[in-house]
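Biologist: I have the model open. Can you walk me through it?
Modeller: Sure, here it is.

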Amino acid sequence: MKAIPTKLKQCFIIEPSVFIDSRGYFFESFNQKTFNELIGQKVDFVQDNESYSTKGVLRGLHFQKEEWAQAKLVRVVKGCVLDVAVDIRKDSPTYGDYLSVELSDDNKKQLFIPRGFAHGFVVLSDTAIFSYKCDNYYNKASEGGIIYNDTTLNIDWKLPFDKLIISEKDSILPTFETL
Ligand SMILES: Cc1cn([C@H]2C[C@H](O)[C@@H](COP(=O)(O)OP(=O)(O)O[C@H]3O[C@@H](C)C(=O)[C@@H](O)[C@H]3O)O2)c(=O)[nH]c1=O
C-alpha cells in the first residue's frame, strides 16, 4: 500500500497493493496500522457508508461542522467517479483549492480527506457503488455544504452541467463565499 501526498496538506491518494492470480485478485482495502503509519496520523474510523448512483449523479459538496467534522477514506467498488475534495480550513495556505481524482474499480485508488474539507463526487460510468469510512458519526444538524457550480471554486466536473443529476438539497446549497 502506498500513500501519495497531494497539493493539499494531509490529503493523500492511497494505492493498495493488489495481488492478482489465476483466481482473480486480492487486496487489503483498509488496514488501520499500515494506513495510520503511511499518513502519519491516527484516524479512528467509526462509520462506513455506501451509495449507489447512476451516470451524472453528483453528490456534494458536503461537510459536517465543528465538533462533528469528518475525515473520510473514500473508494469506488464498482464503476468510476470523479472525486473532489475542497480545502475549507480557514488557516490553510491552500484554503479554497480543490483536488479532483478519478477513483474506479479498475485503478482501485482511494482518497483520504481529512477533517476541514468539503467533499463531493460525480459518477462518470453507467453506475457506481461508492464506499467510504468516516471518523465521526453522521449528525444531520451539523450538515454544511457548498454549491457544486460555485464560481469561485470553479470545479471542472468533467460532465456538462445539463447532464448532472442533483438532489433538491444539493441544488440549493450556499456559495463558498458565504462560509
Ligand atoms: C450521509 C448520511 C445520510 N444519511 C441519510 C440522510 C438521508 O435521508 C439519506 C441520504 O442522505 P444524503 O442525501 O445526504 O446522501 P449523500 O448525498 O450521499 O451524502 C453524502 O455525500 C458525500 C459526497 C459525502 O461526502 C458524505 O459525507 C455524505 O454527505 O441518508 C444517514 O442516515 N447517514 C449518513 O451518514
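Biologist: Which residues have the most contacts inside the largest nonpolar core?
Modeller: Val81, Ala85, Val86 and Ile113, in a core of 36 residues. A nonpolar core here is a set of buried Ala, Val, Leu, Ile, Met, Phe, Trp, Tyr and Cys residues joined through C-beta atoms within 7 Å. Buried means 20 or more other C-beta atoms within 10 Å of the residue's own, exposed means 12 or fewer, and partly exposed is in between, with C-beta atoms placed from the backbone.

Biologist: Which strands each supply at least two residues of this core?
Modeller: β2 (12–15), β6 (58–64), β7 (72–78), β8 (80–87), β9 (98–104), β10 (110–113), β11 (117–123) and β12 (127–134). Strands are DSSP runs of E, at least two residues, numbered from the N terminus.

Biologist: Any caveats before I go on?
Modeller: This is a predicted model; local features need pLDDT of at least 70, side-chain atom pairs count only at pLDDT 80 or more, and totals for chains, interfaces and linings use all residues. Residues are numbered from 1 along each chain as its sequence is written.

Biologist: Back to the core. What is Val86 in contact with?
Modeller: Leu61, Tyr98, Phe117, Ala118, Ile146 and Leu153, leaving aside neighbours within four places in sequence. Contact means C-beta atoms, placed from the backbone, within 7 Å.

Biologist: New topic. Which residues does UniProt list for "active site"?
Modeller: His62 and Tyr132, from an unreviewed entry. Such annotations may be inferred rather than shown by experiment. The two are spread over 71 residues of sequence but cluster in space, with a largest C-alpha distance of 13.7 Å.

Biologist: Is Tyr132 buried or exposed?
Modeller: Buried, because 22 other C-beta atoms lie within 10 Å. Tyr132 sits in β12. Beyond four places in sequence, Tyr132 touches Asn49, Lys72, Leu73, Val74 and Arg75.

Biologist: And how many C-beta neighbours does His62 have inside 10 Å?
Modeller: His62 has 18, so His62 counts as partly exposed. His62 lies in β6. Outside the stretch up to four places away, His62 touches Ala118, His119, Gly120, Glu143 and Gly145.

Biologist: Which residues are around the ligand?
Modeller: Asn49, Ser51, Arg59, Gly60, His62, His119, Gly120, Phe121, Tyr138 and Ser167. The cut-off is a C-beta atom, placed from the backbone, within 6 Å of the molecule. β5 (47–54), β6 and β11 each give two or more residues to this shell.

Biologist: How many of the shell residues are polar?
Modeller: Seven are polar, two nonpolar and one charged. Ala, Val, Leu, Ile, Met, Phe, Trp, Tyr, Cys and Pro count as nonpolar, Asp, Glu, Lys and Arg as charged, and the others, Gly among them, as polar.

Biologist: Asn49 came up twice. What does Asn49 touch?
Modeller: Tyr132 and Cys134, not counting residues up to four places away in sequence. Asn49 lies in β5 and is exposed, with 12 other C-beta atoms within 10 Å. Asn49 and Lys133 are 84 residues apart in sequence, yet 6.4 Å apart C-alpha to C-alpha.

Biologist: Backbone oddities. Which peptide bond is cis?
Modeller: The one from Gly60 to Leu61, with omega near -5°. Leu61 is in β6.

Biologist: What about phi of Glu66?
Modeller: Phi is near 45°, a positive value in a residue other than glycine. Glu66 lies in the loop between β6 and β7. Glu66 is exposed, as 9 other C-beta atoms lie within 10 Å.

How values were computed: Helices (H or I, at least four residues) and strands (E, at least two) are DSSP runs, numbered from the N terminus. Two residues are in contact if their C-beta atoms, placed from the backbone, lie within 7 Å.
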